[in-house]
Amino acid sequence: MSSSKNNNNKKVLYQLWTNGKGSFAVGKIGTQLFEYSDSQYSYDKILDSKMLYDGSITEELVQDWIQELKQADILDENGNLIYVKF
C-alpha cells in the first residue's frame, strides 16, 4: 500500500461558464471570480457541468472539458450552446 496522503481534501469544485457563443471561463462554485477566462466577454450562463480539480486551471484542461460537452451535445462544434426546446 502507498503511504501517500489522500489528496481529495485539496480538490475544489469548479464550474464552467460561457457567454453562449464560444467563450469560456472557469470559476469556483459560489464565486463569480474566474480562475480561467479566454476573453474579456461577460459570462452569464453557467453550464450544468462541474469538476473536482486540485491544480491550476489550464487552457488544455478547459479544452478537454469543452470537448466532453461537445460529445454530450451540450455545445456545438463551434462551442456555442445548443438550446434544447421541449
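**Figure 1. Surroundings of serine 49 in the predicted model.** Leaving aside neighbours within four places in sequence, serine 49 is in contact with Tyr14, Gln15, Leu16, Trp65 and Leu69. The model shown here is predicted. Serine 49 belongs to strand β4. Its relative accessibility is 13%, below the 20% limit, so serine 49 counts as buried. The side chain of serine 49 also makes a polar contact with the side chain of tryptophan 65, at 2.7 Å.

**Figure 2. Isoleucine 46, another position in β4.** Strand β4 also holds isoleucine 46. Here the relative accessibility is 46%, which lies between 20% and 50%, so isoleucine 46 is classed as partly exposed. Beyond four places in sequence, isoleucine 46 touches Gln15, Leu16 and Trp17. Phenylalanine 24 is 22 residues away from isoleucine 46 in sequence. Their C-alpha atoms are 9.8 Å apart in space.

**Figure 3. The largest nonpolar core.** This core has 15 residues. Leu16, Phe24, Val26, Ile57 and Val62 touch the most other members. Two or more residues each come from β1 (12-18), β2 (24-28), β4 (45-53) and α1 (59-71). The largest share, five residues, is that of α1.

**Figure 4. Valine 26 and its contacts.** Val26 is among the core residues that touch the most other members. Residues up to four places away in sequence are not counted in the list that follows. Valine 26 touches Tyr14, Gln15 and Leu16. Contacts of valine 26 also include Phe34, Glu35 and Tyr36. Ile57, Val62 and Trp65 are touched by valine 26 as well.

**Figure 5. The hairpin of β2 and β3.** Strands β2 and β3 (residues 34-37) run antiparallel. Three bridges join them. One pairing is that of glycine 27, whose bridge partner in β3 is phenylalanine 34. Five residues lie between the strands of this hairpin. Glycine 30 takes a positive phi there, near 95 degrees.

**Figure 6. Lysine 11, ahead of the strands.** Lysine 11 lies in the segment before β1. With a relative accessible area of 34%, between the limits of 20% and 50%, lysine 11 is therefore partly exposed. Leaving out residues up to four places away in sequence, lysine 11 touches Leu52, Tyr53 and Asp54. Glycine 55 is 44 residues from lysine 11 along the chain. A distance of 7.8 Å separates the C-alpha atoms of lysine 11 and glycine 55.

**Figure 7. The whole chain, for orientation.** The protein chain has one helix and four strands. Their order from the N terminus is β-β-β-β-α. Of its 86 residues, 33% count as buried. Among contacts with a separation of 6 or more, 46% join residues 24 or more positions apart. The accessible surface comes to about 6,300 Å². Carbon and sulfur atoms account for 48% of this surface.

**Figure 8. Confidence along the chain.** The mean pLDDT of the protein chain is 86. A value of 70 or more is reached by 87% of its residues. Among the elements, α1 has the highest mean pLDDT, 95. The lowest mean belongs to β4, at 90. Where pLDDT is low, the predicted coordinates should not be read in detail.

Definitions and conventions: Residues numbered from 1 in each chain as written. Predicted model: local features only at pLDDT ≥ 70, side-chain atom pairs only at ≥ 80, totals over all residues. Heavy atoms only, no water. Core = buried A, V, L, I, M, F, W, Y, C linked by side-chain atoms within 4.5 Å. Buried < 20%, exposed > 50% of the residue type's maximum accessible area, 1.4 Å probe, protein only. Contact = heavy atoms within 4.5 Å. Areas by Shrake-Rupley, 256 points an atom, 1.4 Å probe, with all protein chains shown as cover. Polar contact = N/O pair within 3.5 Å; in protein donor to acceptor, adjacent residues only side chain to side chain. pLDDT = per-residue confidence, 0-100. Pairing = 2+ DSSP bridges.
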